[in-house]
Amino acid sequence: MRTKEQVELSFTRMWHPSTNGTIAPVNIDKRFLMLRGSSGFYSYAIYKRLKGWPGFQLFNNRMVFKPNPDKFHYMIISGNRQREMPLQQDRERGHKLAYEEAVLLPNGEVDDKYQYSMDAKDIRVHGWISTDSTVGFWQILPSSESRSFGPLKQFLTSHTGPISINTFHSTHYVGENFGMNFKDGEAWKKIFGPFFVYVNSVPGKGDRQMLWRDANRQFMNEVKSWPYKFPASKDFARSNKRGSISGRLIVKDRYVSRAGIAAKGAYVGLAKPGRAGSWQTECKGYQFWTVANEGGNFSIKNVLIGNYNLYAWIPGFIGDFKYHAAIRITAGSAKQIGNLVYKAPRNGPTLWEIGIPDRSAAEFYIPNPNPKYINKLYVKHDRFRQYGLWERYAELHRKRDLVYEVWANNYRKDWYFAQNTRKKGNKYEGSTWQIQFKLEGVVKKATYKLRVAVAAAHGAELQVRVNSRSARRPLFSSGSVGRENAIARHGIHGVYKLFNVDVPGKVLRKGNNTIYLSQPRKLDAFTGIMYDYLRFEGPDPNS
């Protein structure tokens with residue numbers, strides 16, 4: 001397309017059976033678009049598979065830009081995550097660490113692209129500023145609808161190179177078993193983007209923060225313009241081809257309040273139909289999310305035509321909500337769904353709890369890194385992004401594994417953020433943590449409940465035993481769980497899981513009790529579990 005106001009270019013790569021497996025069986029139409037008077041350009045891509053084509057698996061889908069390395073050295077991905085970055089030649093002169101992305105630089109700092117990952121919900125603007133602080137190069141994504149795995153999925157942003165990435169799909173922090181798996185004959189189409197590559201400048205000496213503030217203002221302008229009216233492709237739906245849905249979410253937990261609780265801050269979204277929580281691993285369709293206000297009210301706008309389920313999770317409460325009925329969005333529809341009720345998992349009163357149910361392990365104890373492996377950006381905040389913390393557990397617990405006394409300990413200081421392996425000689429071994437607690441009395445014929453919310457896991461297994469560490473069979477085993485690699489990639493969460501363990505009253509005793517949490521698998525240094533929240537409930541007094 002070419003007019004006085006707009007130019008749009010299309011670069012296509014078409015699949016044909018004659019390619020004999022040399023390229024993926026999907027047609028790609030990549031677009032670049034410029035508007036008159038706009039300081040930058042837009043880009044989007046249309047991926048399409050026809051019925052009858054062979055199957056394949058798509059692990060990563062991203063647009064990568066490499067600004068001039070002689071001119072761009074200062075990176076900003078958020079207000080408190082910005083710094084002068086090392087040069088590529090610094091990495092080349094450095095020493096590779098436990099995996100190739102992590103390098104110990106000649107100046108003694110660690111550089112690793114995963115230290116600059118962000119949750120999808122937080123990726124607004126990121127980019128680079130020139131060495132004289134007069135020019136900024138930014139990526140702006142006004143909508144995350146085409147990104148995989150929902151608002152908590154962590155994606156790469158910008159990192160040493162200089163590299164600027166806009167990632168729409170990747171298996172990082174979820175596991176390769178959740179790539180886009182296409183069966184033989186499966187048809188599919190999806191638009192990724194558009195997003196805006198924005199370039200700004202200030203005269204004279206320059207001001208980094210002025211460029212950053214301007215880029216954030218531009219982000220707000222792009223959000224107000226969404227969905228865009230100008231893409232030439234008919235596959236991109238304008239506002240008249242979209243709908244909306246609104247309602248109110250209420251939480252019921254009789255041990256928190258007898259009345260319904262407004263789901264303040266709840267993440268509410270539409271995604272492809274599935275089970276509760278399946279949005280975390282859904283990647284072929286589109287997702288639309290919002291955050292409920294103080295009254296639990298929510299409104300999701302600009303939703304593409306299609307069939308969805310409505311999902312939610314609420315900070316402060318465990319588990320996942322899914323509305324029982326399917327949602328059909330049509331062009332111009334404005335659905336009012338009314339009051340929805342989430343009955344939070346609950347068996348009886350809380351006898352003790354550890355952590356905060358927020359799908360993250362960030363509230364737990366995060367140690368200082370080994371002084372040899374420092375990234376100066378994360379000395380005062382986001383300390384979990386420091387390299388090598390998996391080694392610190394064994395250094396801090398040399399003689400025995402973690403023992404947590406409910407009546408005396410504080411989870412912020414005494415509960416380590418990750419139950420990972422420890423190295424012994426040239427091998428790794430698992431670990432068994434203890435939770436010690438007291439009961440004033442026990443109802444022997446009743447069932448107690450242990451809730452274990454997991455923020456991330458990698459090649460791990462959770463075994464639960466009660467008052468018998470040597471019991472041959474655990475009371476509960478998760479089996480092999482998780483391939484997120486969040487420990488290695490400095491992520492404080494991955495794919496959320498909730499385990500509900502029945503504890504027969506007959507295995508408990510009046511006075512002192514111990515729950516043993518074992519992680520016996522020992523594949524490598526990164527095998528382990530990050531807990532989100534643990535709660536032990538007494539029996540229902542009415543049962």
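# Exercises on a predicted model

In this predicted model, 14 residues line the largest cavity, and Leu-152, Lys-153, Gln-280, Gly-494 and Val-495 are the ones nearest its centre.

**Exercise 1. Determine how many cavities of 30 Å³ or more the structure holds, and describe the linings of the largest and the second largest.**

Step 1. The structure contains four cavities of 30 Å³ or more.

Step 2. The largest cavity encloses about 110 Å³ of space. Its lining consists of eight nonpolar, four polar and two charged residues.

Step 3. The second largest cavity encloses about 50 Å³. Phe-384, Gln-386, Leu-389, Trp-390, Phe-417, Ala-486, Ile-487, His-490, Gly-491 and Met-530 form its lining. Seven of these residues are nonpolar and three polar, with no charged residues.

**Exercise 2. Establish whether Ser-233 and Leu-340 are buried or exposed, and identify the residues in contact with Ser-233 and with Leu-340.**

Step 1. Ser-233 belongs to the loop between α2 (208-224) and β19 (242-253). Its relative accessible area is 4%, and the cut-off for buried is under 20%, so Ser-233 is buried.

Step 2. With neighbours within four places in sequence set aside, Ser-233 makes contact with Glu-8, Arg-31, Tyr-44, Ile-46 and Arg-238. Glu-8 and Arg-31, together with Asp-29, are linked in a network of salt bridges.

Step 3. Leu-340 is located in strand β27 (residues 334-343). At a relative accessibility of 4%, Leu-340 is likewise buried.

Step 4. Residues up to four places away in sequence being excluded, Leu-340 touches Arg-248, Leu-249, Ile-250, Phe-298, Leu-310, Phe-321 and Tyr-323. A separation of 10.0 Å lies between the C-alpha atoms of Leu-340 and Ala-263, which are 77 residues apart along the chain.

**Exercise 3. For the open sheet of three strands, derive the strand order and explain why one side of β5 and of β15 is left without a neighbour in the sheet.**

Step 1. The order is β5-β16-β15, and the pairing is antiparallel.

Step 2. Both β5 (61-65) and β15 (158-159) stand at the edges with a single partner strand, so each has one side without a neighbour in the sheet.

Step 3. Between β5 and strand β16 (residues 163-169) there are five bridges, and the two strands run antiparallel. Phe-65 has Ser-164 as its bridge partner in β16.

**Exercise 4. State how many salt bridges are counted, and analyse the pairs Arg-91 with Asp-111, Arg-242 with Glu-145 and Glu-461 with Arg-521.**

Step 1. Side chains of opposite charge can pair when their charged atoms come close. The count for this model is 24 salt bridges.

Step 2. In the salt bridge of Arg-91 with Asp-111, the closest N and O atoms are 2.8 Å apart. Arg-91 is in helix α1 (residues 88-93) and Asp-111 in strand β10 (residues 110-111), so the pair ties together parts 20 residues apart in sequence. Both Arg-91 and Asp-111 are buried.

Step 3. Arg-242 and Glu-145 form a salt bridge with an N to O distance of 2.9 Å. This pair links distant parts of the chain, 97 residues apart: Arg-242 is in strand β19, and Glu-145 is in the loop between β13 (135-140) and β14 (154-155). Arg-242 is buried at 3% relative accessibility, and Glu-145 is buried at 4%.

Step 4. For Glu-461 and Arg-521, the closest N and O atoms of the salt bridge are 3.1 Å apart. Glu-461 lies in the loop between β34 (447-460) and β35 (463-466), and Arg-521 in the loop between β39 (511-519) and β40 (528-537), so the pair ties together parts 60 residues apart in sequence. Glu-461 is buried, at 10% relative accessible area, whereas Arg-521 is partly exposed, at 32%.

Notes:
Residues are numbered from 1 along each chain as its sequence is written. This is a predicted model: local features need pLDDT of at least 70, side-chain atom pairs count only at pLDDT 80 or more; totals for chains, interfaces and linings use all residues. Side-chain values use heavy atoms; hydrogens and water are left out. On a 1 Å grid over the protein atoms alone, a cavity is a set of points where a 1.4 Å probe fits but cannot get out, and a pocket is an open set with protein on both sides within 12 Å along at least five of seven lines; lining residues have an atom within 4 Å of a point. Grid points are joined across faces, edges and corners, and a volume is the space filled by probe spheres set on the points. Ala, Val, Leu, Ile, Met, Phe, Trp, Tyr, Cys and Pro count as nonpolar, Asp, Glu, Lys and Arg as charged, and the others, Gly among them, as polar. Helices (H or I, at least four residues) and strands (E, at least two) are DSSP runs, numbered from the N terminus. Buried means under 20% relative accessible area, exposed over 50%, partly exposed in between (1.4 Å probe, protein chains only). Contact means heavy atoms within 4.5 Å. Two strands pair if DSSP finds at least two bridges between them. A salt bridge is a side-chain nitrogen of Lys or Arg within 4 Å of a carboxyl oxygen of Asp or Glu.
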